[in-house]
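Let us take a friendly walk through a protein model, one piece at a time. Keep the picture at hand as you read.

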Amino acid sequence: MEVRITVNAINYTIDVDQETSLLYVIRNHLNLTGTKNGCSQGHCGACTVVLNGKAVKSCLLKPKKYNNAQITTIEGIQHGLMLHPIQEAFILKNAVQCGFCTPGFIMELFALFLKEPKADKQQIEKTLEGHLCRCTGYLPILEAALLAQRLIQGK
Ligand code: FES
Ligand code: FES
């Protein structure tokens, strides 16, 4: 079947079969390899992108769910050479080690702060529950999220 999607403000029409995941389209058709494939089963969060304003695990989405959708991936959040404040905060708080999980965490937070700019610490922790990181112990990621929130608000 043919699907139309807009990814990072660029329109695409792509031929896929009924089982082709959004993750596969992003990585293999569009060569946007910032979005990672950790488990292909919805358990790790590495494949998270923002679809119509919501964070989704792209490995689980089949064409009917992403046809005609507006999608943002990690490649789409910076402005020119300027990193997004969430990316900046991850660097400042040493929340990136191997980096495999990082795009997923960042896109989850990107969607959260779009909807709930003043999300409290508990909401942030709850939102990040579906993401696994093998390297950081999670604390630097939480600190990065809190810093990112302040940077976005200009504080
Ligand atoms: S690759 Fe999608 S949740 Fe792990
Ligand atoms: S930084 Fe390595 S898995 Fe999270």
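Two strands count as paired if DSSP finds at least two bridges between them. Helices (H or I, at least four residues) and strands (E, at least two) are DSSP runs, numbered from the N terminus. This is a predicted model, in which local features need pLDDT of at least 70, side-chain atom pairs count only at pLDDT 80 or more, and totals for chains, interfaces and linings use all residues. Residues are numbered from 1 along each chain as its sequence is written, chains are lettered from A and ligands numbered from 1 in the order in which they are written, and side-chain values use heavy atoms, with hydrogens and water left out.

**The sheet**

Start with the five strands, which form an open sheet in the order β2-β1-β5-β3-β4, with mixed pairing. Which strands stand at the edges? They are β2 (10-15) and β4 (54-57); each has a single partner strand, so one side of each is left without a neighbour in the sheet. From one strand to the next, the twist averages 40 degrees. Angles like this run from 0 to 180 degrees between N-to-C directions, and axes are lines fitted to C-alpha atoms, for helices over the stretch in contact.

Here are the pairings one by one.

| Strand pair | Direction | Bridges | Residues opposite each other |
|---|---|---|---|
| β1 and β2 | antiparallel | six bridges | V3 and I14 |
| β1 and β5 | parallel | three bridges | V7 and I71 |
| β3 and β5 | antiparallel | two bridges | L51 and I71 |
| β3 and β4 | antiparallel | four bridges | V50 and A55 |

Look for I71 in β5: this residue stands opposite V7, and it is also the bridge partner of L51. The hairpin of β3 and β4 has two residues between the strands, and N52 there takes a positive phi near 50 degrees.

**Which way the side chains point**

In a regular strand the side chains alternate between the two faces of the sheet. To describe what you see, call a residue buried under 20% relative accessible area, exposed over 50%, and partly exposed in between (1.4 Å probe, protein chains only). In β5 (69-72), A69 and I71 point to one face and are buried, while Q70 and T72 point to the other and are not. What about β3 (48-51), where T48 and V50 point one way and V49 and L51 the other: buried or exposed? In this strand all four residues named are buried.

Just beyond the sheet's edge strand, S58 sits in the loop between β4 and α2 (63-66). With 0% relative accessibility, S58 counts as buried. Leaving aside residues up to four places away in sequence, S58 touches S21, L22, L23, I26, T35, C47 and V49, where contact means heavy atoms within 4.5 Å.

**The helices**

Now turn to α3 (residues 85-92) and α6 (residues 139-152), which pack at an angle of about 135 degrees with their axes 8 Å apart. These two helices are therefore oblique to each other; angles under 35 degrees count as roughly parallel, over 145 as roughly antiparallel, 65 to 115 as roughly perpendicular and the rest as oblique. On one side of the contact are P85, I86, E88, A89, F90 and L92 of α3, and on the other are I141, A144, L147, A148, L151 and I152 of α6. By class, this contact has 11 nonpolar residues, no polar ones and one charged. Ala, Val, Leu, Ile, Met, Phe, Trp, Tyr, Cys and Pro count as nonpolar, Asp, Glu, Lys and Arg as charged, and the others, Gly among them, as polar.

A second packing involves α4 and α6, at an angle of about 40 degrees and with axes 11 Å apart. That angle makes α4 oblique to α6. F105, L109 and F113 of α4 meet I141, A145, A148, Q149 and I152 of α6. Here the residues divide into seven nonpolar, one polar and no charged.

**Two more residues to find**

E143 has its place in α6 and is partly exposed, with a relative accessible area of 35%. The C-alpha atoms of E143 and A89 are separated by 8.4 Å, although the two are 54 residues apart along the chain. G137 lies in the loop between α5 (121-127) and α6, and G137 is exposed at 54% relative accessible area.
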